[in-house]
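Reader: Could you pick one spot in this model and take me through it slowly, then work outwards from there? I'd like the cut-offs spelled out as you go.

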Amino acid sequence: PGVRPSTRISPALLVTYRPLLVPIKLPELSVSSFYRSLVRETDDPEARQYIVKKVSQAEWLISCIRQREETLLRCCQEILKRQLPYFRSGQALAPMTMQDIAQAVGLHTSTVSRALSGKYIQTPQGVRLLRSLFSAKLAGGEVSGVMAQQAIAVLVQQEDKHAPLSDQALAERLQAQGIDISRRTVAKYRQLLQIPSAATRR
């Protein structure tokens, strides 16, 4: 999906043309040595207890952030492996769900979802929201909804302009290509692509 020109985004990872996944480094987080020294130097037990508590909380937060970054990297490595044709040459996205990635990396689906939420990746095809790389598999096949939409767009582009293809005809053409899809689903995808009905395309 496109991003509004005025929206400033910072990709979390970069996919190079090889392709290779490269984490985009953020500033290193650490607890200031000044506060650690206060624990040793203060003579006030109450102040020492307070500082120790806050330093511990900061260390816990840093640990959580590092764990989230590690989870993000593991998930993106699996995404890269599954979507190589897209990253290499811009081919349509293969079917891939959050559950697929969660099972592959040994995490709960909700953990993967939280790790990817709001994150972007810079690819040879542009900056993409990580969630936009997921596409459900059509029932009865190995084709994603994105692939089916791309195929519909190609068929409409190549059709006889004097005898445009109906949704049923499009469904039959796609089925002949091995894409198991119903007329109703074709109509839904056609509308998503903002392609008028056959009657309007005459």
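Author: Let's start with Trp 60, which sits in helix 2, residues 45–82. Helices here are DSSP runs of H or I with at least four residues, strands are runs of E with at least two, and both are numbered from the N terminus. Before going on, keep in mind that this is a predicted model: local features need pLDDT of at least 70, side-chain atom pairs count only at pLDDT 80 or more, and totals for chains, interfaces and linings use all residues. Residues are numbered from 1 along each chain as its sequence is written, and side-chain values use heavy atoms, with hydrogens and water left out.

Trp 60 counts as exposed because its relative accessibility is 57%. Exposed means over 50% relative accessible area, buried means under 20%, and partly exposed is in between, with a 1.4 Å probe and protein chains only. Trp 60 has company out there: together with Leu 29, Leu 61 and Ile 65, it makes up a nonpolar surface patch with about 390 Å² of accessible area. A patch takes residues with over 30% relative accessible area and no salt bridge; like charges are joined within 9 Å, and nonpolar side chains (Val, Leu, Ile, Met, Phe, Trp, Tyr) within 5 Å. The salt bridge in that rule is a side-chain nitrogen of Lys or Arg within 4 Å of a carboxyl oxygen of Asp or Glu. The areas are Shrake-Rupley values with a 1.4 Å probe, and for residues only the protein chains shown count as cover.

Zooming out for a moment, the chain has 9 helices and 4 strands, in the order β-β-α-α-α-α-α-β-β-α-α-α-α from the N terminus. It exposes about 13000 Å², with carbon and sulfur atoms supplying 51% of that. Of its 202 residues, 34% are buried.

On to the aromatics. A pair of rings is described by the distance of the centres and the angle of the planes. Rings of Phe, Tyr and Trp (its six-membered ring) pair if their centres lie within 6.5 Å; planes under 30 degrees apart are stacked, over 60 edge-to-face, and the rest tilted. That rule gives 2 aromatic pairs. In one, the ring centres of Phe 34 and Tyr 35 are 5.2 Å apart with planes at 75°, so the pair is edge-to-face. Tyr 86 and Phe 87 are also edge-to-face, because their centres are 5.3 Å apart and their planes lie at 70°. What about burial? Phe 34 is partly exposed at 48%, and Tyr 35 is partly exposed at 44%, whereas Tyr 86 and Phe 87 are both buried.

That buried pair leads to Leu 133, in the loop between strand 4 and helix 6. Leu 133 is at 0% relative accessibility, so it counts as buried. Its contacts (heavy atoms within 4.5 Å) include Tyr 86, Phe 87, Ile 121 and Arg 128, leaving aside residues up to four places away in sequence. The C-alpha atoms of Leu 133 and Leu 80 are 9.9 Å apart, although 53 residues separate the two along the chain.

Ile 121 and Arg 128 take us to the strands, where pairing needs at least two DSSP bridges. Strand 3 (residues 120–123) and strand 4 (residues 126–129) run antiparallel with 4 bridges, and a hairpin of 2 residues joins them. Across that pairing, Ile 121 is opposite Arg 128 and Tyr 120 is opposite Leu 129. Strand 3 also has 2 bridges to strand 1 (residues 13–15), this time parallel, with Leu 13 partnering Ile 121.

Last stop is helix 8, residues 183–192, whose buried residues are Val 186, Ala 187, Tyr 189 and Arg 190. They pack against helix 6, helix 7 and helix 9. From the helix 7 side, Asp 167 touches Arg 183, Val 186, Ala 187 and Arg 190, again not counting residues up to four places away in sequence. Asp 167 itself counts as buried because its relative accessibility is 14%. Past helix 8, in the loop before helix 9, comes Gln 194. Most residues other than glycine have a negative phi. Gln 194 is no glycine, yet its phi is positive, about 60°. With a relative accessible area of 71%, Gln 194 is exposed.
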